[in-house]
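Visitor: I am new to this structure and should be grateful for a close look at a single part. Please take one strand and the loops around it, and explain how they are placed.

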Amino acid sequence: MAVPKKKTSKSKRGMRRSHDFDTPVTVAFCDNCGRAIMQHNICKFCNTYNGRNTKTGNQAGLV
Ligand SMILES: [Zn+2]
C-alpha cells in the first residue's frame, strides 16, 4: 500500500478541505401561491413564473 512520505501540513489540509462544504439550498417563495419553490423555476403548484401563468400563456397571470 502506498504510504505518504510526509505529514500533510495544516495549510495543505485546509486547501483540500476548502472544497468540502455543502452550499445550503436557497428557497424562494411563489408570488402567486406563497409556497416554497426553487429559485428561477416555474412554481409546480400553480404553474406560474414571475406572475405569469406558464400553462395557458396568460401574460397578466390571471387564471
Ligand atoms: Zn405558486
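Guide: Threonine 48 counts as buried, because 20 other C-beta atoms lie within 10 Å of its own and 20 or more is the cut-off for that class. This residue is found in strand S3, which spans 48-49. The model is a predicted one, and its average pLDDT is 87, with 89% of the residues scoring at least 70.

Some context for the strand may be helpful. The protein contains one helix and four strands, arranged along the sequence as α-β-β-β-β. The helix, H1, covers residues 10-17 and has the highest mean pLDDT among the elements, 97, whereas S4 has the lowest, 83. Of the 63 residues of the protein, 5% count as buried, and threonine 48 is one that counts as buried.

The partners of this region along the chain can now be considered. The C-alpha atom of threonine 48 is separated by 8.1 Å from that of cysteine 30, with their positions 18 residues apart along the chain. Tyrosine 49 and aspartate 31 are likewise 18 residues apart in sequence, and their C-alpha atoms are 8.4 Å apart in space. Aspartate 31 belongs to the loop that runs between strand S1 (27-29) and S2. Aspartate 31 is partly exposed, because its C-beta neighbours inside 10 Å number 15.

On the side that precedes S3 in sequence is the loop from strand S2 (36-38), and asparagine 47 lies in it. The phi of asparagine 47 is positive, about 55 degrees, although the residue is not a glycine. Most residues other than glycine have a negative phi. Asparagine 47 is partly exposed, because there are 15 other C-beta atoms within 10 Å. Lysine 44 also lies in the loop between S2 and S3. Lysine 44 counts as exposed, because it has 10 C-beta neighbours inside 10 Å, and 12 or fewer is the cut-off for that class. From lysine 44 to cysteine 30 the C-alpha distance is 9.7 Å, and the two are 14 residues apart in sequence. Cysteine 30 is therefore a partner in two of the distances given here, one to threonine 48 and one to lysine 44.

On the other side of S3 is the loop leading to strand S4 (52-53), where asparagine 50 is located. Asparagine 50 has a positive phi as well, near 55 degrees, and is a residue other than glycine. Asparagine 50 counts as exposed, because 11 C-beta neighbours lie inside 10 Å.

A final point concerns the protein as a whole. Of the contacts with a separation of 6 or more, 3% are made by residues 24 or more positions apart. The pairs described above are separated by 18 residues in the case of aspartate 31 and tyrosine 49, and by 14 residues in the case of lysine 44 and cysteine 30.

Technical notes:
Residues are numbered from 1 along each chain as its sequence is written. This is a predicted model: local features need pLDDT of at least 70, side-chain atom pairs count only at pLDDT 80 or more; totals for chains, interfaces and linings use all residues. Helices (H or I, at least four residues) and strands (E, at least two) are DSSP runs, numbered from the N terminus. Two residues are in contact if their C-beta atoms, placed from the backbone, lie within 7 Å. pLDDT is the predictor's confidence in each residue, from 0 to 100.
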